[in-house]
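This report goes through a structure by topic, beginning at its surface and ending with a few distances. Please keep the sequence and the coordinates open while reading.

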Amino acid sequence: MIATRTLAVLAAASFVAAFALATLFSPLTTLAEVVARDDGRVMYALHDIIVAHSSTWLWDNLAMPMLLRPAWLLPVTLGVLFAGGATTIATRTGVPRSHRRRS
C-alpha cells in the first residue's frame with residue numbers, strides 16, 4: 001500500500017518535471033545543455049566521477065547517449081517506470097485462502 005502510493009507520487013512528480021522541462025526550454029534542448037546551463041564544469045565533473053568509479057564504457061555507452069537526448073525524455077521515462085511499478089504492485093493479489101471448512 002505504501003509502496004504503491006510512493007511510486008504513484010514519484011510518477012506524478014516525474015511527469016510534472018517533464019512537462020516543466022518541455023515548456024520552459026525548447027523541446028529539442030538536450031539534457032547536457034540543461035545540466036551545464038549554470039556551470040559548464042559540471043559535465044567535466046560528472047565525467048570524472050563516472051570514469052573514476054566505473055569504466056569508460058559506462059560513460060560512452062550509457063551516460064553520453066542519455067545526455068544527448070531531449071531534457072524532458074528522462075523524467076518521462078522515469079514516470080512511466082514508476083507508474084508501471086505502482087500498477088504492478090497494486091494489482092498483485094495475495095494467496096487465495098481455502099473456503100473449505102475444517103471439521
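## Nonpolar surface patch

Met66, Leu74, Leu78 and Leu81 make a nonpolar surface patch of about 330 Å². A patch of this kind is made of residues with over 30% relative accessible area and no salt bridge, with nonpolar side chains (Val, Leu, Ile, Met, Phe, Trp, Tyr) joined within 5 Å, while like charges are joined within 9 Å. Accessible areas come from the Shrake-Rupley method with a 1.4 Å probe, and for residues only the protein chains shown count as cover. Helix H5 gives the largest share of the patch, three residues. Helices are DSSP runs (H or I, at least four residues), as strands are (E, at least two), numbered from the N terminus.

Two of the patch residues can be described further. Leu78 is found in helix H5 and counts as partly exposed, at 36% relative accessibility. Leu81 also has its place in helix H5, but Leu81 counts as exposed, at 58%. Here buried means under 20% relative accessible area, exposed over 50%, and partly exposed in between (1.4 Å probe, protein chains only).

## Basis of the model

This is a predicted model, in which local features need pLDDT of at least 70 and side-chain atom pairs count only at pLDDT 80 or more, while totals for chains, interfaces and linings use all residues. Residues are numbered from 1 along each chain as its sequence is written, and side-chain values use heavy atoms, with hydrogens and water left out.

## Helix H1 and its partner

Helix H1 covers residues 2-24, which is 23 residues. At 1.5 Å a residue it should span 33 Å, and its end C-alpha atoms are 33 Å apart, so the two values agree. The expected span is 1.5 Å times one less than the number of residues in the helix.

The buried residues of H1 are Thr4, Leu7, Ala11, Ser14 and Ala18. These residues pack against helix H5 (73-91). Leu7 of H1 can also be placed relative to the surface patch: its C-alpha atom is 9.0 Å from that of Leu81, although the two residues are 74 apart in sequence.

## Nonpolar core

The largest nonpolar core has nine residues: Leu31, Ala32, Val34, Met43, Ile50, Trp59, Ala63, Leu67 and Ala71. Such a core is a set of buried Ala, Val, Leu, Ile, Met, Phe, Trp, Tyr and Cys residues joined through side-chain atoms within 4.5 Å. Helix H2 (31-35), helix H3 (41-53) and helix H4 (56-67) are the elements that give two or more residues to this core.

What does Val34 touch, leaving aside its neighbours within four places in sequence? Val34 is in contact (heavy atoms within 4.5 Å) with Leu21, Phe25, Thr29 and Ala71. Leu46, found in helix H3, is partly exposed, with a relative accessible area of 30%. With neighbours within four places again left aside, Leu46 is in contact with Trp59 and Leu67. Pro65 lies in helix H4 and counts as partly exposed, at 29% relative accessibility. By the same contact rule, Pro65 is in contact with Trp59 and Asp60.

## Loop between H1 and H2

Thr29 has its place in the loop between H1 and H2, and counts as buried at 9% relative accessibility. Not counting residues up to four places away in sequence, Thr29 touches Val34, Arg37, Arg69, Pro70 and Ala71.

Thr30 is found in the loop between H1 and H2 and counts as buried at 16%. Outside its neighbours within four places in sequence, Thr30 is in contact with Leu67, Leu68, Arg69, Pro70 and Ala71.

## Salt bridge

How many salt bridges does a search of the whole structure find? The search finds one. A salt bridge is a side-chain nitrogen of Lys or Arg within 4 Å of a carboxyl oxygen of Asp or Glu. The side chains of Arg41 and Asp39 meet in a salt bridge at 3.3 Å, N to O. Side chains of opposite charge can pair when their charged atoms come close. Arg41 is exposed, with a relative accessible area of 60%, whereas Asp39 counts as partly exposed at 29%.

## Selected distances

Tyr44 lies in helix H3 and is exposed, with a relative accessible area of 63%. The C-alpha atoms of Tyr44 and Ala11 are separated by 30 Å, and the residues are 33 apart along the chain.

Leu46 and Ile89 are 34 Å apart in space, C-alpha to C-alpha, and 43 residues apart in sequence. For Pro65 and Met43, the C-alpha to C-alpha distance is 14 Å, with their positions 22 residues apart in sequence numbering.
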